[in-house]
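Dear colleague,

I am handing over the structure below for your records. My findings follow it, and I would be grateful if you would read them alongside the coordinates.

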Amino acid sequence: MYTPGMKLTKDLVAASAVPLILSVLKDGESYGYAIIQRVCELSGGQIQWSDGMLYPVLHRLESQDYIESHWKISDSGRRRKYYRLKREGRKALAEQREQWLVVHAALAAVWGT
């Protein structure tokens, strides 16, 4: 079990970024800060991304044709870049999910959980 104060390694945070982003966008379009906040919320505050970590991944996912972006005026009147999942992104998410389930099962087996 994860204990408070324990820090996730950069490798684990990086490896989980794509499936987390795709999963958040599966629920609907969102902008960068909201994605960061949602991941923090989902992890109980244990995963805290910075803009410098998120935006390169979003740009890579966009170049892979998994997501697309558009500018929109938010309710607060601010101009924000929103991202949404594309068909290829849904396929990639399904593949990522299967891969993570394999890894999870292997770790659970070896750890006896």
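I begin with the largest pocket, which has a volume of about 810 Å³. Its lining comprises 22 residues, and those nearest the centre of the pocket are L8, L12, W100, H104 and L107. Two or more lining residues come from each of the elements α1, α2 and α4. Please bear in mind throughout that this is a predicted model.

As to the overall arrangement, the chain has 4 helices and 3 strands. Read from the N terminus, the order of the elements is α-β-α-α-β-β-α. Along the principal axes, the C-alpha atoms fill a box of roughly 50 × 35 × 20 Å. The chain has 113 residues, and 29% of them count as buried. Where contacts join residues at least 6 apart in sequence, 49% of these contacts link residues at least 24 apart.

Helix α1 deserves a closer description. This helix covers residues 10-26, and its 17 residues should span 24 Å at 1.5 Å a residue; the end C-alpha atoms are 24 Å apart, so the expected and modelled values agree. The helix nevertheless has a kink of about 40° at A17, shortly before the proline P19. Both A17 and P19 are buried, as are V13, S16, V18, I21, L22, V24 and L25. The partners against which the buried residues of α1 pack are β1 (30-31), α2 (32-42), α3 (51-63), β2 (67-73), β3 (79-85) and α4 (87-111). Just after α1, G28 adopts a positive phi of about 135°.

The interior is described by the largest nonpolar core, which has 21 residues; I21, L22, I35, W49 and I67 have the most contacts inside it. At least two residues of this core are supplied by each of α1, α2, α3, β3 and α4. Helix α1 provides the largest share, 7 residues.

Two residues show how the surroundings of α1 are connected. Leaving aside residues up to four places away in sequence, I35 touches I21, V24, L25, S30, W49, L54 and L58. S30, in turn, is found in strand β1. With the same sequence neighbours left out, S30 touches L25, I35, K81, Y82 and Y83. S30 counts as buried because its relative accessibility is 11%, under the 20% cut-off.

On the side of helix α4, I would draw your attention to Q96, which has its place in that helix. Apart from residues up to four places away in sequence, Q96 touches V18 and P19. The C-alpha atoms of Q96 and V24 are separated by 13 Å, although these residues are 72 residues apart along the chain.

Finally, one backbone feature lies outside the helices and strands. D65 is found in the loop between α3 and β2. Its phi is near 70°, a positive value in a residue other than glycine. Is D65 buried or exposed? With 36% relative accessibility, D65 counts as partly exposed, since this value falls between the cut-offs of 20% and 50%.

Yours sincerely

Key
Residues are numbered from 1 along each chain as its sequence is written. This is a predicted model: local features need pLDDT of at least 70, side-chain atom pairs count only at pLDDT 80 or more; totals for chains, interfaces and linings use all residues. Side-chain values use heavy atoms; hydrogens and water are left out. The expected span of a helix is 1.5 Å times one less than its number of residues. The bend at a residue is the angle between axes fitted to the seven residues ending there and the seven starting there. Buried means under 20% relative accessible area, exposed over 50%, partly exposed in between (1.4 Å probe, protein chains only). Contact means heavy atoms within 4.5 Å. A nonpolar core is a set of buried Ala, Val, Leu, Ile, Met, Phe, Trp, Tyr and Cys residues joined through side-chain atoms within 4.5 Å. On a 1 Å grid over the protein atoms alone, a cavity is a set of points where a 1.4 Å probe fits but cannot get out, and a pocket is an open set with protein on both sides within 12 Å along at least five of seven lines; lining residues have an atom within 4 Å of a point. Grid points are joined across faces, edges and corners, and a volume is the space filled by probe spheres set on the points.
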